[in-house]
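Thank you for coming. Please take a moment with the picture before I begin, and then I will go through a few places in turn.

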Amino acid sequence: DRLSSYRVTLTLAPGTVVLLTQGATVLIEVVNLAVMAAVTWQLWEYAVRMGEGHYTTAVLQVPIQPFVIVAIAGTASYVLAILCDLSKSLEKFWRE
């Protein structure tokens, strides 16, 4: 893809450019993991509040909590995908 082909060009020792690129990739994935883990945690807190308060939609009186649980499943799946990508990036970083 477009982002993985981007390279940082510096005139340092040979191999440093690849190391900087892989290091940046690892750093970005760690930040992404932290943000999405926080989003998942906050969705969990929100689902607990919706369940305890028995919140429903205004017109149809449909409970809100099941929809929040579906959102939690989606963000948790994304967190797992980020962990897989992070493990691959760390392996590639340490190999080079």
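Let me start with a term: a residue is called buried when its relative accessible area is under 20%, exposed when it is over 50%, and partly exposed in between, with a 1.4 Å probe and protein chains only. By that rule His54, with a relative accessible area of 65%, is exposed. This is a predicted model, in which local features need pLDDT of at least 70 and side-chain atom pairs count only at pLDDT 80 or more, while totals for chains, interfaces and linings use all residues. Residues are numbered from 1 along each chain as its sequence is written, and side-chain values use heavy atoms, with hydrogens and water left out.

His54 sits in the loop between α1 and α2, where helices are DSSP runs of H or I with at least four residues, numbered from the N terminus. Its phi is near 50°, which is a positive value in a residue other than glycine. Gln61 belongs to the loop between α1 and α2 as well, and its phi, also positive, is near 60°. For background, most residues other than glycine have a negative phi.

Now to the interior: which residues make up the largest nonpolar core? Its 6 residues are Val26, Leu33, Met36, Val79, Ile82 and Leu86, a core being a set of buried Ala, Val, Leu, Ile, Met, Phe, Trp, Tyr and Cys residues joined through side-chain atoms within 4.5 Å. Helix α1 and helix α2, the latter spanning 65–95, each supply at least two residues of this core. Leaving aside neighbours within four places in sequence, Leu86 is in contact (heavy atoms within 4.5 Å) with Val26, Glu29, Val30 and Leu33.

That brings us to Glu29, which lies in helix α1, residues 16–53. Glu29 is buried yet has no salt bridge, and the nearest side chain of opposite charge, Lys88, is 9.4 Å away. For charge, Lys and Arg count as positive and Asp and Glu as negative, with His and the chain ends not counted; a salt bridge is a side-chain nitrogen of Lys or Arg within 4 Å of a carboxyl oxygen of Asp or Glu.

Where, then, is a salt bridge found? The structure holds 1, in which the side chains of Arg95 and Glu91 meet at 3.8 Å, N to O. Both residues lie in helix α2, 4 residues apart, about one turn of the helix, and Arg95 counts as exposed because its relative accessibility is 59%.
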